[in-house]
Amino acid sequence: HIASLRRDGEGTEGSESECVRRAFGTRSRARMIAAIATRVWARQAMAANGLARRGLSTTSGGLAVEVYNPSGEKRVVVTKMLPGTRWLDILTKKLGARVEVLTDAKYAPTIVPNSAIVDLIGDKCDGVLGQLTEDWSAETFGALKQAGGVVYSNYAVGYNNVNVDDATAANIAVGNTPGVLTETTAEITAALTLAAARRVVEADEFMRAGKYLGWLPDLFVGKLLQRGTLGLIGAGRIGSAYAKMMVEGHYMDLVYFDKFQNQKLEDYMKGYSDFLESQGEKGITCTRVDTVEEVLSASDVVSLHPLLDKTTHHLINKERLSIMKDDAILVNAARGPVVDEVALVAHLQANPNFRCGLDVFEDEPLMKPGLAECPNATIVPHIASASLWTRGGMATLAAQNISAFLQGQPGYDSQDMTPFVDGPFDAMPESCPSIVNMDSIKRN
């Protein structure tokens, strides 16, 4: 109706609200705003995905899908629309596959259940590009194998949602997307740290509620990070990148726990300390300790960066929270189950000066009861990798895993993913960026 009003000259692109008012007559203002918001959202979604072209809208297994390159010999299904277009070009042009992207409104904003994944796979499917929120185990791998599939690629660097043993038993390769999340994840960890320390979310809500009546000496007083102590649990690539941001930005001493010594990080921090002293500033220290408890008791900020396995499940529990400083900040952008969320809620409620920043949750997408009501918790919906470059890069790597594997190409022998993500399309390495069970798969 809005479009017809424009065609009739009764509205223009610059008077969208007038078009909506004419279209909906006397309906409520809320309905009018919702209509505008829906239109704007659709434009933003297309722009964010970078999909200038649309696929063929149809159904597959009773589910709405968008089909690209319908005549492709091989069939690859994708369980969510992904940012960018490079990934789609890899699958349709380099592989020459028919690509079906699940767009069904029932599952667009939420986790796709196994039943829908099985229906989407159908009777013939060569590969699947799926999400870290999905359960990839015997049921889904069994359906993929029965459909003739030989490769699954996870749109994530982590793959704790994937039972690799089940995949290997079905002779299905499992891909992931390392090497493009480091700085992006480190940045959101730093953002959560600063937001928690300076109570940014609380202050924002206060302003939006119209409660600000004037400057006050004690209004949202937070924690100064300068010359404090930063604690890392896990000093891999992401932890190290975050540490550099925080130490260099705030002159913080670093304490870290890791099973393996990170000599490169220690040398970097020694060089930075020497530079500070050369400029007449006090240096910083970098210390590796033997226990998690030493990090917790010494630090003003503790950031979690371990892998998730049986040894790190509920690594942060009631007892360990009690070791931390009363006004400490706990940040988790790794995996939700690393923290006992029930214990964390209780600790936040009992210690109002203690703060946390969370990007992940134990029962994601749900939160434990009480967490949402804690004003001293800064919480965001698993957006650590949500920069356009990173999300597009992840899509590229996931698609290339499928394309290269189906073409019989070998594994990649470098950790530098730049040639896949930023290099010329035609010069992309003819190899699988990362197949975690490559050595266990029998290839035809």
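**Sheet, cores and salt bridges in the predicted model**

Of the 444 residues in the protein chain, buried ones make up 49%. The model is a predicted one, and its secondary structure comes to 16 helices and 14 strands. Contacts reach far along the sequence: of those between residues at least 6 apart, 65% join residues at least 24 apart. As for the outside, the chain exposes about 21,600 Å², and carbon and sulfur atoms supply 53% of that area.

A good place to start is the open sheet, where 7 strands line up in the order 10-9-8-11-12-13-14 with parallel pairing. Strand 10 (286–288) and strand 14 sit at the edges; each has a single partner strand, so one side of each is left without a neighbour in the sheet. Going from one strand to the next, the twist averages 15°. Within the sheet, strand 12 (residues 329–332) pairs with strand 13 (residues 355–358) in the parallel sense, over 4 bridges. One position to look at here is V331, which stands opposite G357 in strand 13. Helix 14 (residues 341–350) packs on the sheet and touches strand 12, strand 13 and strand 14. The direction of helix 14 makes about 140° with that of strand 13.

Just past the edge strand comes V380, in the loop between strand 14 (377–379) and helix 15 (388–406). Loop residue or not, V380 has a relative accessible area of 19%; the cut-off for buried is under 20%, so V380 counts as buried. Leaving out residues up to four places away in sequence, V380 touches L192, L358, D359 and F361. With F361, 19 residues apart along the chain, the C-alpha to C-alpha separation is 9.7 Å.

Helix 4 (residues 86–94) tells another story about burial. This helix is mostly covered, with 7 of its 9 residues buried, namely R86, W87, L88, D89, I90, L91 and T92. The cover over these residues includes strand 2 (63–68), strand 3 (75–78), strand 4 (98–102), helix 15 and helix 16 (418–421). After helix 4 comes G96, with a positive phi near 75°.

Some of the same elements turn up again in the largest nonpolar core, which has 35 residues. W87, L91, V99 and L129 are the residues with the most contacts inside this core. Strand 3, helix 4, strand 4, helix 15 and helix 16 each supply at least two of the core residues, and helix 15 gives the most, with 9. L129 shows how such contacts add up: setting aside neighbours within four places in sequence, its partners include V77, V78, T79, L82, Y152, S153 and Y155, along with A395, A398, A399 and I402. Apart from this core lies another, of 27 residues, among them L330, V338, L371 and A377.

On the charged side, a search of the whole structure finds 14 salt bridges. One of them takes us back to helix 4, where D89 bridges to K93 with the closest N and O atoms 3.6 Å apart. The two are 4 residues apart in the helix, which means about one helical turn separates them. Their surroundings differ, though: D89 is buried at 15% relative accessible area, whereas K93 counts as exposed at 59%.

The same spacing of 4 residues occurs in helix 11 (residues 263–278), where D274 and K270 are again separated by about one helical turn. The side chains of D274 and K270 meet in a salt bridge, at 2.9 Å from N to O, and D274 counts as partly exposed, at 36% relative accessibility. Elsewhere, shared partners join the salt bridges of K223, D300, K325 and D327 into one network.

A further bridge links the side chains of E202 and R199, 3.1 Å from N to O. In this pair E202 is buried, with a relative accessible area of 16%, and R199 is buried as well, at 19%.

Technical notes:
Residues numbered from 1 in each chain as written. Predicted model: local features only at pLDDT ≥ 70, side-chain atom pairs only at ≥ 80, totals over all residues. Heavy atoms only, no water. Buried < 20%, exposed > 50% of the residue type's maximum accessible area, 1.4 Å probe, protein only. Contact = heavy atoms within 4.5 Å. Pairing = 2+ DSSP bridges. Axes fitted to C-alpha atoms, helices over the stretch in contact; angles between N-to-C directions. Salt bridge = Lys/Arg side-chain N within 4 Å of Asp/Glu carboxyl O. Core = buried A, V, L, I, M, F, W, Y, C linked by side-chain atoms within 4.5 Å. Areas by Shrake-Rupley, 256 points an atom, 1.4 Å probe, with all protein chains shown as cover.
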